[in-house]
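User: Hello! I am new to this structure and would like to walk through it with you. Could we look at how its helices pack and where empty space is left?

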Amino acid sequence: MFIIYDLEYTTWTGARERGWSGPGEHREVVQIGAVRLASSDGFPEIASFEALVVPRINPALSAFFVELTGIDQERLGREGVDFAPALARFAGFAEGSHGLFANGVDEEVLKENCLLCGLAWPFAAGACGNLSGVLSAAAGRNGHIVSSSLPEIFGQPAAGRAHDGLADARAIAGALRRIQEIRPGEPGLSRLLGSG
């Protein structure tokens, strides 16, 4: 089995273009969404995970972030926890899997948050992988594809709201299933996921 995960993290108008270099800007995790998939044909979903995280440095969400993700301050206040217990729960969810995979910079963002919060990295060296190259190649595209665009690209129904961590994790999982279906034995996929 393996884990597909997706993060939503603090952002502001223009932050991506600035590389989060504006005063006080950090990519603080606000949501972790993940699915546990079996390595067998079709990568069936075994379990799901979601945690909302209250950022330590910028606990007030920007209007841009709220509009993008649909996660508002009220929900964050009601359901959010500190990054430390959220990370511990996520590590527990991933325990026993043979890898954690995201589409893009999510591993980097998780590591940044560990540094910001003074926490040890909870995963084994090499446990995390980036599916961006495999997804782009299978779609015949150059460069990174946003996770919420994957269902449309691979001809599947939307997995939920765009820029929702759990929905985006499911969108990635759906794309992997489609790749397995149309390109059985895809070397990049088999190598990354240990499914071949």
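User: Which residues of H4 meet H5, and which residues of H5 do they meet?

Analyst: Welcome! Please keep in mind that this is a predicted model. On the H4 side, the contact is made by Phe83, Leu87 and Phe90. Their partners in H5 are Leu110, Asn113, Cys114 and Cys117.

User: How do the residues of that contact divide into nonpolar, polar and charged?

Analyst: Asn is outside the nonpolar and charged groups, so Asn113 counts as polar. Across the contact of H4 with H5, the division is 6 nonpolar, 1 polar and no charged.

User: Are H4 and H5 parallel or oblique to each other?

Analyst: Helix H4 covers residues 83–94 and helix H5 covers residues 106–117. Their axes lie 11 Å apart and the packing angle is about 135°. H4 passes H5 in a left-handed crossing. Because of that angle, H4 is, relative to H5, oblique.

User: What is the handedness of the crossing of H6 and H8?

Analyst: Helix H6 spans residues 132–139, and helix H8 spans residues 165–182. Their axes come within 11 Å and cross at roughly 55°. H6 and H8 are therefore oblique to each other. As for handedness, their crossing is left-handed.

User: Which residues make the contact of H6 and H8?

Analyst: The residues of this contact divide into 7 nonpolar, no polar and no charged. H6 brings Val134, Leu135 and Ala138. From H8 come Ile172, Ala175, Leu176 and Ile179.

User: Now for the empty space. What is the volume of the largest cavity?

Analyst: Searching the whole structure for cavities of 30 Å³ or more gives 1. The volume of the largest cavity is about 40 Å³.

User: Which residues line the largest cavity?

Analyst: Its lining divides into 6 nonpolar, 1 polar and 2 charged residues. Glu and Arg count as charged, so Glu28 and Arg56 are the charged ones in this lining. The full set lining the largest cavity is Glu28, Val29, Val53, Val54, Pro55, Arg56, Phe83, Asn113 and Cys117.

User: And the largest pocket: which residues lie nearest its centre?

Analyst: The largest pocket holds about 610 Å³ of space. Strand S1 (2–9), helix H1 (15–18) and helix H2 (63–69) are the elements that give two or more residues to its lining. That lining has 25 residues, and those nearest the centre of the pocket are Tyr9, Arg16, Trp20, Val146 and His163.

User: How many residues of the lining of the largest pocket are charged?

Analyst: The lining of the largest pocket has 10 nonpolar and 8 polar residues. The number of charged residues there is 7.

Methods. Residues are numbered from 1 along each chain as its sequence is written. This is a predicted model: local features need pLDDT of at least 70, side-chain atom pairs count only at pLDDT 80 or more; totals for chains, interfaces and linings use all residues. Side-chain values use heavy atoms; hydrogens and water are left out. On a 1 Å grid over the protein atoms alone, a cavity is a set of points where a 1.4 Å probe fits but cannot get out, and a pocket is an open set with protein on both sides within 12 Å along at least five of seven lines; lining residues have an atom within 4 Å of a point. Grid points are joined across faces, edges and corners, and a volume is the space filled by probe spheres set on the points. Helices (H or I, at least four residues) and strands (E, at least two) are DSSP runs, numbered from the N terminus. Axes are lines fitted to C-alpha atoms, for helices over the stretch in contact, and angles run from 0 to 180 degrees between N-to-C directions. Angles under 35 degrees count as roughly parallel, over 145 as roughly antiparallel, 65 to 115 as roughly perpendicular and the rest as oblique. A crossing is left-handed if the near helix is turned anticlockwise from the far one by less than a right angle, and right-handed if clockwise. Contact means heavy atoms within 4.5 Å.
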